[in-house]
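Hi,

Here is the structure I promised to pass on to you. Have a look at it first, and then read my notes below.

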Amino acid sequence: MIHQAGYVKQLIKKYIEGSITGVELERLKACWKIYEEDELLGMTAEVLYAAGKQAPYDALEGWEPDFARIINNAQSMQHKKKMLVYGKLAGAACLLLLLVMAVNHFITEKWPGRNTTGVCAEIPSRSEIPRSEFGCAIRWGNTSVITVDSGTTGLVMRTGNFGIRQEAPGVLALTRLMAIIPVDTTRGQFVEVLTAPRRQYIVKLQGGIVIHLDAGSSMRLPFISTDQDTCYVQISGGAYIEMHDKGKPGRLIVETSNSQLQTVGGNFALFALPGYTKATLISGNLVTFTRQGIHKKDMDCTGNQAVVKSYNKANDAIADSIFFKRNSNVEEALVWTKATRNYRNVSLRQFVADMSRWCGFTVENLNCIPGHLRINTSICYQASRQQVYSEIRKAGITVHEKGNMISFCSPAKKNRSPSSQTAFRKRGKQSSGFLRTNEHLCPPAKAIIHSSTGGCFTHQQKN
């Protein structure tokens with residue numbers, strides 16, 4: 001209709017007379033977008049002339065229809081309509097997001113078996129492994145071993161100058177007995193807590209120190225420390241370490257095969273193999289040193305991560321390098337503490353290392369796994385070894401089974417790299433014992449720091 005000039009003139013006439021309806025006014029506003037300004041003014045002049053209000057020659061003299069107001073009203077209405085549409089779209093998007101979140105929560109929390117490898121019964125996916133299934137062994141001296149399960153509480157044993165109690169299911173408390181004669185630590189005397197495959201345990205030490213051991217891991221504690229303000233421990237495998245209180249001891253030193261980590265208050269996740277240590281800061285502060293304290297890295301932000309790697313050099317010498325990363329995924333570092341381990345775009349090497357400790361299999365050589373391979377999966381802590389192997393194969397790599405060992409290397413290819421370990425083993429001469437004096441810990445760093453592309457990593461190497 002508005003494309004017909006006669007109908008437009010009728011609308012203009014009604015507008016001038018004040019009898020135009022709301023619908024007709026909207027149509028008149030639409031005309032402004034269809035006709036040129038000169039055309040509208042010409043039609044207005046014709047309407048006025050027909051009404052006899054003005055002569056043809058001066059039809060537009062002294063009179064100007066309020067087209068500016070019409071344009072403004074039309075633009076305002078158009079803006080309101082757009083905002084209404086945008087509002088509806090935004091509301092729909094929010095509802096869709098809430099629906100997706102609700103469905104995801106329902107699937108992951110209520111039906112964990114629907115998208116998880118293995119069956120976790122009714123345990124919510126983000127819950128920790130039930131402590132009723134924890135277990136460990138305590139070793140001291142050369143042959144003395146006692147097995148501990150989580151079903152009892154109370155005093156477990158006294159050995160050396162330690163009292164060991166089962167404080168709660170899955171939680172051991174180690175307390176020094178000051179009345180006991182000190183033991184010479186230079187002879188390798190220590191108490192050790194070890195976890196078997198599919199078993200974890202929590203160890204509480206004095207000074208608010210809590211160490212959560214993953215499966216296939218161990219913690220060593222010397223019978224006596226030369227510095228009563230410092231607690232020394234050795235860790236192999238996986239652990240989550242917390243130091244809360246500001247009492248005695250005031251400092252914790254954690255020793256691995258090739259590094260030491262120091263904190264006066266902080267929480268961090270640790271992954272330690274022979275020649276490899278990775279520490280991820282959860283909160284507080286942490287300092288990572290290479291072997292004998294040659295180089296160090298201070299960390300004070302959540303997600304800071306330090307990796308110390310050891311390399312064989314000529315004449316059986318060993319070089320240690322330290323790498324640093326910001327904003328690492330802290331949930332990934334603690335995924336092994338959950339009943340359902342959710343791996344999202346995680347390195348396949350890391351996944352295999354985690355699963356090897358948990359399931360108790362040995363990997364011939366992790367370096368045979370291509371570094372670019374990633375994995376996305378959810379694994380229940382009760383998943384079988386074969387189910388784990390199946391998830392690894394889905395990531396695009398062949399698994400060669402050799403009894404209790406698996407390999408990712410070509411059978412015809414010989415690789416001289418040392419095999420990864422899934423449980424604690426006795427260290428060699430270079431990593432045995434405890435460093436007992438501060439002079440071995442904090443010499444000034446002399447290495448040149450190099451930055452890789454993007455500035456996310458720094459690297460220090462021991463010459």
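Below is what turned up when I went through the cross-links in this chain.

Keep in mind that this is a predicted model.

**Disulfides**

The whole structure holds 2 disulfides. One of them joins C120 to C380, with an S to S distance of 2.0 Å. C120 sits in the loop between α5 and β1, while C380 belongs to strand β21, so this link ties together parts that are 260 residues apart in sequence. If you look for these cysteines on the surface, you'll struggle: C120 is buried at 3% relative accessible area, and C380 is buried too, at 1%. The angle about the S-S bond is 120°, and the link is right-handed.

The other pair is C368 and C409, whose sulfur atoms are 1.8 Å apart. Here both partners are in loops: C368 between β20 and β21, C409 between β23 and β24, so the bond connects parts 41 residues apart in sequence. The torsion about this S-S bond is about 95°, so this disulfide is right-handed. C368 counts as buried with a relative accessible area of 15%, and C409 is buried at 6%.

How do the disulfides pair up if you count the bonded cysteines along the chain? The pattern is 1-3, 2-4.

**Salt bridges**

How many salt bridges does a search of the whole structure find? It finds 12, and here are a few to click on.

Start with E167 and K204, whose side chains meet at 2.9 Å, N to O. E167 is in strand β4 and K204 in strand β7, so the pair ties together parts that are 37 residues apart in sequence. Both ends can be reached to some extent: E167 is partly exposed at 45%, and K204 is partly exposed at 32%.

Then go to D214, in the loop between β8 and β9. Is D214 buried or exposed? It is buried, with a relative accessible area of 0%. D214 forms a salt bridge with R357, where the closest N and O atoms are 3.0 Å apart. R357 lies in helix α7, so that contact spans 143 residues in sequence. R357 is buried as well, at 2%.

D214 also meets R341 in a salt bridge, at 3.9 Å, N to O. R341 is in strand β19, 127 residues away from D214 along the chain, and R341 is buried. Add D354 and you have the network: D214, R341, D354 and R357 are linked by salt bridges.

Cheers

Key:
Residues are numbered from 1 along each chain as its sequence is written. This is a predicted model: local features need pLDDT of at least 70, side-chain atom pairs count only at pLDDT 80 or more; totals for chains, interfaces and linings use all residues. Side-chain values use heavy atoms; hydrogens and water are left out. A disulfide is a pair of cysteine sulfur atoms within 2.5 Å. Helices (H or I, at least four residues) and strands (E, at least two) are DSSP runs, numbered from the N terminus. Buried means under 20% relative accessible area, exposed over 50%, partly exposed in between (1.4 Å probe, protein chains only). A salt bridge is a side-chain nitrogen of Lys or Arg within 4 Å of a carboxyl oxygen of Asp or Glu.
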